[in-house]
Amino acid sequence: MEPYYWDGQIEYLKRSTALYYNDDYIDFLIHRVWNIVDPVRIVDFGCGYGHLGLRLLPLLPAGSEYVGVDAGVKLIEHARELFRNLPYRSEFIAADFNSVCFDEEFDLAVCHAVLLHMNDPLSTLKRMKASVKPEGKVAAFEPHWIGNSAGFHLDGIDQSTVIPLGQLQELFERDLKRTGKDGNIGIKLPLYFNRLGLRNVQCRLSDKVNIYDPTAKIGTDIYGAMQFSSPGERSAFIDSLLERGMSMEEAIRQYECENAMSEFFTSSTAATYAAGMKITFGTV
């Protein structure tokens, strides 16, 4: 059996989640938008190391319960360790969430940055809906990749030299047609929720803007999370993009852009980044 990719990405996941949400916004979502006043049971499809549980449980009414499901054995082990001494009711299941059936057991089904990786995201949404009691909610925290890409500013650097938005949009669209995986699914989910028969569908936009300014010593704690890694060996990177439908000219430009981003964005470069995560929810 091949190693599960995300089992090897735990530290990356922990760094990157710091970029997406302000805690007061999540508090506003729970208490003012969802109006949760009584304890709830939550199931998290593709929970990873329990990131959403760590954010939601301190803000939810006492007695709330969180069940996380993920295919990553190491991720689940790490989640259990993180939650071991916390005062919350939690359970973690190492399994493919598309093969686990929960029959109307939960008040809220959630996922975070999961649907964009699925070949058939609607099938997963149907499973999420089926796991929720009548009048419960389904909520998906998902990105709109091209929007994320447009949300960067690196001080002193023209964005077009490091993030070619036009050809990236075309790449994402070709990937969707080729694989069914949709990096831009976050902006489409309100329509999908409606078509699945969910009621009172809404979509909110996370308000977090990350600021890194070394001259003023602002945001030094998130610098590592904002960094871009090197694209690696040139020919292998270009070959992978050619397989995804880019022309040679586009693939070379993409390599040069990503390589320049990894080189230009150093600890002395001021930057801002707004991920603009989309939070779509509806009532069963």
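Which residues does S160 touch, once residues up to four places away in sequence are not counted? I shall begin with that point, and I should say at once that we are looking at a predicted model.

S160 touches R253 and C257. The serine itself sits in the loop between strand 6 and helix 7. Is S160 buried, exposed or partly exposed? Its relative accessible area is 45%, and S160 is therefore classed as partly exposed, since that class covers values between 20% and 50%. As for distance across the model, S160 and E105 are 55 residues apart along the chain, and their C-alpha atoms are separated by 48 Å.

The contact with C257 leads us to helix 11, which comprises residues 248-264. This helix has 17 residues and reaches 24 Å from its first C-alpha to its last, close to the 24 Å expected at 1.5 Å a residue. C257 is one of the buried residues of helix 11; E250, A251, Q254, Y255, N259, A260, M261 and S262 are buried as well. Against what do the buried residues of helix 11 pack? Their partners are strand 6 (152-154), helix 7 (165-179) and helix 10 (234-243).

Let me turn to a pair of strands. Strand 2, residues 65-70, and strand 3, residues 89-94, run parallel and are joined by 6 bridges. Between the two strands the chain passes through helix 4, residues 73-83, and this β-α-β crossover is right-handed. Within the pairing, G68 has F92 of strand 3 as its bridge partner.

Next, the second largest pocket. Its volume is about 160 Å³. The residues that line this pocket are W34, N35, I36, V40, D107, L108, E135, G136 and K137. Which strand gives the largest share of that lining? Strand 5 does, with 3 residues. Strand 4 (106-112) and strand 5 (132-142) each supply at least two residues of the lining.

Finally, I would draw your attention to A18, in the loop between helix 1 (10-16) and helix 2 (23-33). With a relative accessible area of 30%, A18 is partly exposed. Leaving aside neighbours within four places in sequence, A18 is in contact with K208 and N210. A18 and A225 are 207 residues apart in sequence, yet their C-alpha atoms are 7.4 Å apart in space.

To return to the opening question, the two residues to locate on the structure beside S160 are R253 and C257, and C257 is buried in helix 11.

Terms used: Residues numbered from 1 in each chain as written. Predicted model: local features only at pLDDT ≥ 70, side-chain atom pairs only at ≥ 80, totals over all residues. Heavy atoms only, no water. Helix = DSSP H or I, 4+ residues; strand = E, 2+ residues; numbered from the N terminus. Expected span 1.5 Å × (residues − 1). Buried < 20%, exposed > 50% of the residue type's maximum accessible area, 1.4 Å probe, protein only. Contact = heavy atoms within 4.5 Å. Pairing = 2+ DSSP bridges. Right-handed = clockwise from strand over helix to strand, strands pointing away. 1 Å grid on protein atoms, 1.4 Å probe; cavity = no way out; pocket = protein on both sides within 12 Å on 5 of 7 lines; lining within 4 Å. Points joined across faces, edges and corners; volume = space filled by probe spheres on them.
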